[in-house]
Amino acid sequence: MDATSPNPKKNIESTLHEVIDKVADKEMDVIASLADGSHRTVESLAYRAAQLEDTYHQLLDKGRSCIQSSPLKCLSIAIVLSFTLGKLLNKRRN
């Protein structure tokens, strides 16, 4: 601030306006980068969700085809697994 300026209040006011504009510009850059990062994250999550859904449907199709090709084998595997899980869970209770 110049001591010789005719209106020192005007210089302070213009300086403050310049500082406020600089800070606002920096904040806008930060907000824009945060928004870009958020958009990239959402796109990545959507891509991963689509991959998981595809994998899920592939597993369902494989399971259906396995059950249709050999139902007795799948039934015996299910019985053995349920018996084994039941024994393991009962051991934890006792």
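Accessible areas here come from the Shrake-Rupley method with a 1.4 Å probe. On that basis, the accessible surface of the chain in this predicted model comes to about 8900 Å², and 63% of that surface belongs to carbon and sulfur atoms. Buried residues make up 2% of the 94 residues in the chain. As for secondary structure, the chain has 2 helices and 0 strands, and helix H1 covers residues 8–69.

**Surface patches**

Two patches can be described on the surface, and each has a member that can be placed in helix H1. A nonpolar patch of about 280 Å² is made by Ile-12, Leu-16 and Ile-20, of which Leu-16 is found in helix H1. A negative patch is formed by Glu-18, Asp-21, Asp-25 and Asp-29, and Asp-25 likewise lies in helix H1.

**The salt bridge**

The structure holds 1 salt bridge, in which Arg-64 is paired with Asp-61, the closest N and O atoms being 3.6 Å apart. Because the two residues are 3 positions apart in helix H1, Arg-64 and Asp-61 are separated by about one helical turn. Arg-64 counts as partly exposed, at 48% relative accessibility, and Asp-61 is also partly exposed, with a relative accessible area of 47%.

**The cysteines**

Why is there no bond between the sulfur of Cys-66 and the closest cysteine sulfur? The closest cysteine sulfur to that of Cys-66 belongs to Cys-74 and is 3.3 Å away, which is too far for a bond, because a disulfide is counted when a pair of cysteine sulfur atoms lies within 2.5 Å. Seen from the other side, Cys-74 is in no disulfide, and the nearest cysteine sulfur to its own is that of Cys-66. The structure accordingly holds 0 disulfides. In their exposure, Cys-66 is partly exposed, with a relative accessible area of 33%, whereas Cys-74 is buried, with a relative accessible area of 18%; the assignment of Cys-74 rests on the cut-off for buried residues, which is under 20% relative accessible area.

The table below gathers the accessibility values for the residues of the salt bridge and for the two cysteines.

| Residue | Relative accessible area | Class |
|---|---|---|
| Asp-61 | 47% | partly exposed |
| Arg-64 | 48% | partly exposed |
| Cys-66 | 33% | partly exposed |
| Cys-74 | 18% | buried |

Technical notes: Residues numbered from 1 in each chain as written. Predicted model: local features only at pLDDT ≥ 70, side-chain atom pairs only at ≥ 80, totals over all residues. Heavy atoms only, no water. Patch = residues over 30% accessible without salt bridge, like charges linked within 9 Å, V, L, I, M, F, W, Y side chains within 5 Å. Salt bridge = Lys/Arg side-chain N within 4 Å of Asp/Glu carboxyl O. Lys, Arg positive; Asp, Glu negative; His and termini not counted. Charge placed at Lys NZ, Arg CZ, Asp CG, Glu CD. Helix = DSSP H or I, 4+ residues; strand = E, 2+ residues; numbered from the N terminus. Buried < 20%, exposed > 50% of the residue type's maximum accessible area, 1.4 Å probe, protein only.
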